[in-house]
Amino acid sequence: MKVKSNLEIQEFCQKIAEPLGIRVAEVEFKQGKNPALTIYIDKAGGVDLDTCELFHRAIDEPIDELDPTFGVAYTLNVSSLGADRPFKTDEDFNSHIGERVEVKLNSSIRGKKFYDGILTSYNGKVITLKVDEKTTFTIDLKNCVKVNEYIDF
């Protein structure tokens with residue numbers, strides 16, 4: 001099935017999201033028996049069901065005009081990123097500077113492969129993680145298996 005690029009769909013959706021204070025973080029299209037376009041959104045203060053519904057209603061008609069699947073039927077989903085979603089983009093990292101994150105490592109630092117702490121900086125190649133008042137690590141992204149929001153149970 002021919003589908004417009006995720007980037008084209010994301011840029012189109014962002015124009016609609018911006019006035020609502022929403023950021024389109026990622027677009028995913030799954031082909032198969034039941035094709036589905038999922039638009040992952042983010043918003044300062046978090047995304048709840050009402051935010052997803054608001055954006056879904058705002059995008060429903062305009063995305064039909066964009067026709068991302070060239071006339072083939074699909075299901076449109078709008079979702080939050082989810083707290084356990086790994087950071088993938090510069091925006092993901094930059095939007096969490098000053099916040100507590102979890103970092104899973106390939107190779108250990110001081111005998112551990114898992115840390116949580118405050119993400120204090122990011123430059124595209126390394127992150128700086130403040131673990132406590134006395135301990136700050138600079139970690140090469142190549143050594144990171146996963147970086148995501150801290151999940152407090």
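1. The note opens with a strand pair close to the N terminus of the numbering used here. Strand β1 and strand β2 (residues 36-42) run antiparallel and are joined by 7 bridges. One contact within this pairing can be named: Glu28 has Thr38, in β2, as its bridge partner. The model under discussion is a predicted one.

2. These two strands belong to an open sheet of 3 strands, ordered β1-β2-β3, in which the pairing is mixed. Its edges are formed by β1 (23-30) and β3 (75-80); each has a single partner strand, so one side of each is left without a neighbour in the sheet. From one strand to the next, the twist averages 20°.

3. The overall layout may be stated next. The protein chain contains 3 helices and 8 strands. Read from the N terminus, its elements follow the order α-β-β-α-β-α-β-β-β-β-β. Taken along the principal axes, the C-alpha atoms of the chain fill a box of roughly 55 × 30 × 30 Å.

4. Another open sheet is built from 5 strands in the order β7-β6-β5-β4-β8, with antiparallel pairing. Strands β7 (136-140) and β8 (144-149) are its edge strands, and each pairs on one side only. On average, neighbouring strands of this sheet are turned by 40° against each other, with direction ignored.

5. Within the sheet of 5 strands, the pairing of β4 and β5 deserves a closer reading. Strand β4 (residues 100-109) runs antiparallel to β5, and 6 bridges join the two. Ile109 stands opposite Lys112 of β5. The two strands form a hairpin with 2 residues between them, and Arg110 takes a positive phi near 55° there.

6. Strand β5 also pairs with β6. The pairing of β5 (residues 112-122) with β6 (residues 126-130) is antiparallel and extends over 4 bridges. Two residue pairs illustrate the register: Tyr122 has Ile127 of β6 as its bridge partner, and Ile118 has Lys130 of β6. This hairpin has 3 residues between its strands, and Gly124 in the turn has a positive phi of about 95°.

7. Which residue does Arg23 meet in a salt bridge? The partner is Asp92, and the two side chains come together at 3.5 Å, N to O. Asp92 lies in helix α3 (residues 90-94) and Arg23 in strand β1, so the pair ties together parts that are 69 residues apart in sequence. In total, the structure holds 10 salt bridges. As general background, side chains of opposite charge can pair when their charged atoms come close.

8. Charge is also a feature of the surface. Asp60, Glu61, Asp64 and Glu65 gather there in a patch of negative charge. One of these residues, Asp64, has its place in helix α2 (residues 49-66).

9. For a reader new to the structure, the main points to retain are the two sheets and the salt bridge. The open sheet of 3 strands has mixed pairing, whereas the open sheet of 5 strands has antiparallel pairing. The salt bridge of Asp92 and Arg23 links helix α3 to strand β1.

How values were computed
Residues numbered from 1 in each chain as written. Predicted model: local features only at pLDDT ≥ 70, side-chain atom pairs only at ≥ 80, totals over all residues. Heavy atoms only, no water. Patch = residues over 30% accessible without salt bridge, like charges linked within 9 Å, V, L, I, M, F, W, Y side chains within 5 Å. Areas by Shrake-Rupley, 256 points an atom, 1.4 Å probe, with all protein chains shown as cover. Salt bridge = Lys/Arg side-chain N within 4 Å of Asp/Glu carboxyl O. Lys, Arg positive; Asp, Glu negative; His and termini not counted. Charge placed at Lys NZ, Arg CZ, Asp CG, Glu CD. Pairing = 2+ DSSP bridges. Axes fitted to C-alpha atoms, helices over the stretch in contact; angles between N-to-C directions.
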